[in-house]
Amino acid sequence: MSTIPTALPSWPDTHALYERFAALVNQPMRPIRPDAMPKVLRWFDDHCAGSKRLAEQAATVIPGGVQHNLAFNHPFPLAITRADGAHLTDIDGNRYIDFLQAGGPTLLGSNPPAVRAAVHALLDDCGPVTGLLHEYEVKLAELVCRHMPGVEMLRMLGSGTEAVMGAVRLARTFTRRQRVIKIGGAYHGWSDQLVYGMRLPKTGRMEAIGIPRGATAHTQECLPNDPEALRRLLRWNRLRGGTAAVLLEPFGPESGTRPVHREFNAQVRALCDEFGALLIFDEVVTGFRAGMGGAQAYFGVTPDLTVLGKCLTGGYPMAGAIGGRREIMMSLVGGIGTTSRRAFVGGTLSANPLSCVAGYHSLLEVERTNAPAVAGRAGERLRIGLEEIIRRRGLPYVAYNLGSIVHLQTSGVLLLDTSSLWKLIKVKDEAKRRKHMMEEMGAAFTAHGLISVAGSRLYTSLADTDDVIDDALNRFDDVMALA
């Protein structure tokens with residue numbers, strides 16, 4: 001009997017990984033050598049004049065010259081004019097292997113023809129938005145409900161940030177409680193209540209500039225992989241009115257930068273049941289990269305609510321959704337004249353025909369091609385090759401993959417121990433140095449034709465053939481020769 005390949009044939013030995021993380025951050029950094037870095041930066045001057053000119057123009061009308069962090073590239077942002085499959089081409093004609101994949105959602109590779117054709121047809125018929133119901137809303141919702149175990153109903157929104165905001169409000173409405181616990185270091189969008197404990201655990205309001213303390217007064221964080229600490233917090237909250245929800249990324253904070261131990265999600269599920277809190281999975285990245293059923297199907301742990309984002313529409317705009325149990329989701333009933341107690345969530349452009357047709361046909365293609373498994377195999381090949389280069393060159397770096405999400409930790413900046421205020425103060429200056437090293441590694445990758453996520457993460461896609469991955473590994477080898 002044949003076996004259908006899966007996105008993650010096995011979960012890594014996370015205990016061994018954490019030992020390697022500790023070794024990485026407890027030894028001197030191995031950045032690009034000082035004599036090699038000027039040559040890297042000269043490449044941008046010699047080959048990216050058009051991008052540099054546009055970046056300087058952008059900086060006069062756009063704060064910082066970019067609209068979001070993913071678009072930043074050291075020493076200046078690149079202007080992309082073409083995206084096709086596994087490759088990007090910039091305004092100066094330079095071609096790159098694309099491991100950014102728009103931050104993760106383009107599991108099929110960039111601009112897949114089957115999706116593009118369906119979008120063109122819809123635009124010809126009715127344009128991007130009507131403000132009324134469209135059949136693709138229903139088709140997309142049915143498809144997600146069919147595959148994701150924890151999704152009986154789906155409510156579309158404009159982004160992952162909006163979906164997290166809605167899910168938290170929904171959890172508070174349903175449970176009539178206020179406190180929400182997140183796993184420290186995770187990114188759940190930029191809403192006031194969740195700019196808290198971002199990127200590094202136990203950093204609380206460190207990045208909550210411009211956000212009133214009241215907005216985060218009921219947000220709490222817990223260290224990753226620490227169910228006993230979560231139990232203590234839930235127990236304490238029970239004395240003060242209880243916990244509305246526990247919110248987590250099921251692979252671990254920042255797409256598994258601190259990966260969860262295999263049993264952690266099930267432990268959190270049990271604790272939520274014990275204390276009457278809802279469990280919310282943020283599957284903005286893992287939705288469909290872990291398989292059509294998301295990380296919840298992979299781990300066999302069913303959340304009460306699921307948050308989806310850009311993955312839902314294969315990278316097309318206005319993509320976000322809350323999914324969950326029917327009895328909870330009915331608190332989102334919309335429409336004029338609704339008088340029942342409900343969580344007010346909405347948006348004119350939510351579930352517009354353009355987003356829904358793109359999402360429906362993207363997911364059909366993901367299903368037809370088994371893209372999670374194909375991209376996961378590419379991620380496995382890339383990780384194995386990176387480990388060989390690291391070993392051969394005697395570097396302290398750590399490469400590992402969670403299917404099509406490949407992590408390449410060279411500076412370890414996101415792995416520093418910030419579990420107490422004293423430790424946070426102690427590593428503050430070191431974090432700046434390690435962050436700069438990561439930026440320089442990213443620049444070196446780019447100068448060698450590789451686009452990464454901030455120099456430390458690589459998303460593979462259906463378009464990454466063995467030839468593409470082998471080409472990439474030769475380029476990574478050239479970069480690591482400079483360290």
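This report walks through two sheets, one pocket and the cysteines of a predicted model.

Let's start with the seven-stranded sheet. It is open, its 7 strands follow the order 4-10-9-8-7-5-6, and the pairing is mixed. Strand 4 (153–157) and strand 6 (219–222) sit at the edges; each has a single partner strand, so one side of each has no neighbour in the sheet. Going from one strand to the next, the twist averages 20°. Within this sheet, strand 7 (residues 243–248) pairs with strand 8 (residues 278–282) in the parallel sense, over 4 bridges. If you want to find that pairing on screen, look for Ala-245, whose bridge partner in strand 8 is Leu-278.

Now for the other sheet. Here 3 strands make an open, antiparallel arrangement in the order 11-12-14. Its edges are strand 11 (398–402) and strand 14 (457–459), each of which pairs on one side only. The twist here averages 15° from one strand to the next. Strand 11 and strand 12 (residues 405–409) run antiparallel and are joined by 5 bridges. A handy landmark is Tyr-400, which stands opposite His-407 in strand 12.

The two strand pairs side by side:

| Strand pair | Sense | Bridges | Residues facing each other |
|---|---|---|---|
| Strand 7 and strand 8 | parallel | 4 bridges | Ala-245 and Leu-278 |
| Strand 11 and strand 12 | antiparallel | 5 bridges | Tyr-400 and His-407 |

Next, the second largest pocket. It holds about 710 Å³ of space. Its lining takes in 28 residues, and the closest to the centre are Leu-133, Glu-137, Arg-155, Met-156 and Ala-351. Which elements supply at least two residues each to this lining? Helix 5 (135–147) does, and so does strand 4, the same strand 4 that stands at an edge of the seven-stranded sheet. Helix 5 gives the most, with 5 residues. Sorted by class, the lining comes to 15 nonpolar, 9 polar and 4 charged residues.

Finally, the cysteines. How many disulfides does the model have? The count is 0. Take Cys-126: its sulfur is 11 Å from the closest cysteine sulfur, in Cys-356, and that is too far for a bond, because a disulfide needs the two sulfur atoms within 2.5 Å. Is Cys-126 buried, exposed or partly exposed? With a relative accessible area of 28%, Cys-126 is partly exposed, since that value falls between the 20% and 50% cut-offs. Cys-48, on the other hand, has 0% relative accessibility and so counts as buried.

Terms used:
Residues are numbered from 1 along each chain as its sequence is written. This is a predicted model: local features need pLDDT of at least 70, side-chain atom pairs count only at pLDDT 80 or more; totals for chains, interfaces and linings use all residues. Side-chain values use heavy atoms; hydrogens and water are left out. Two strands pair if DSSP finds at least two bridges between them. Axes are lines fitted to C-alpha atoms, for helices over the stretch in contact, and angles run from 0 to 180 degrees between N-to-C directions. On a 1 Å grid over the protein atoms alone, a cavity is a set of points where a 1.4 Å probe fits but cannot get out, and a pocket is an open set with protein on both sides within 12 Å along at least five of seven lines; lining residues have an atom within 4 Å of a point. Grid points are joined across faces, edges and corners, and a volume is the space filled by probe spheres set on the points. Ala, Val, Leu, Ile, Met, Phe, Trp, Tyr, Cys and Pro count as nonpolar, Asp, Glu, Lys and Arg as charged, and the others, Gly among them, as polar. Buried means under 20% relative accessible area, exposed over 50%, partly exposed in between (1.4 Å probe, protein chains only).
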